[in-house]
Amino acid sequence: MILQNEEIVVYFESSNDGENSSGSGCEQVAIFYDEDTYKLCYPLLENLAKENRMIVTESIFPMEVEKWMDLDG
């Protein structure tokens, strides 16, 4: 059986809005395997990003988990 889940990869992203900024960039800061945990952690992630003059962005990827069932059992 194949179970479909999502992997949420979280980044802190900067922009070149500031006067002393030399460009934009992003850094991966976390990976979550369920949306509930991500939602619980989001406020903290957002505060950390703001403290560093960045924003939170994320990418969601499908993740396949193979679960083999023992039919002989």
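Visitor: Which residues make up the largest nonpolar core?

Guide: In this predicted model, the largest nonpolar core consists of nine residues, namely I8, V10, F12, A30, F32, Y38, L45, A49 and V56. The elements that each give two or more residues to this core are β1 (2–14), β2 (25–32) and α1.

Visitor: Why is Y38 called buried?

Guide: The relative accessible area of Y38 is 9%, and buried means under 20%, so Y38 falls in the buried class. F32 is buried as well.

Visitor: What makes Y42 partly exposed?

Guide: Y42 has a relative accessibility of 27%, and because partly exposed covers the range between 20% and 50%, Y42 is placed in that class.

Visitor: Why is the pair of Y38 and Y42 called edge-to-face?

Guide: The ring centres of Y38 and Y42 are 5.8 Å apart and their planes stand at 75 degrees; since rings pair within 6.5 Å and planes over 60 degrees apart count as edge-to-face, the pair earns that name. The two tyrosines, Y38 and Y42, lie four residues apart in helix α1 (residues 35–51), and therefore about one helical turn separates them.

Visitor: How many aromatic pairs does a search of the whole structure find?

Guide: The search finds two. F32 and Y38 form a tilted pair, with 5.4 Å from centre to centre and 55 degrees between the planes. Through ring pairs, F32, Y38 and Y42 are linked into a cluster.

Visitor: Leaving aside neighbours within four places in sequence, which residues is L45 in contact with?

Guide: With those neighbours set aside, L45 is in contact with V10, F12, V29, F32, Y38 and V56.

Methods: Residues are numbered from 1 along each chain as its sequence is written. This is a predicted model: local features need pLDDT of at least 70, side-chain atom pairs count only at pLDDT 80 or more; totals for chains, interfaces and linings use all residues. Side-chain values use heavy atoms; hydrogens and water are left out. Rings of Phe, Tyr and Trp (its six-membered ring) pair if their centres lie within 6.5 Å; planes under 30 degrees apart count as stacked, over 60 as edge-to-face and the rest as tilted. Buried means under 20% relative accessible area, exposed over 50%, partly exposed in between (1.4 Å probe, protein chains only). A nonpolar core is a set of buried Ala, Val, Leu, Ile, Met, Phe, Trp, Tyr and Cys residues joined through side-chain atoms within 4.5 Å. Contact means heavy atoms within 4.5 Å.
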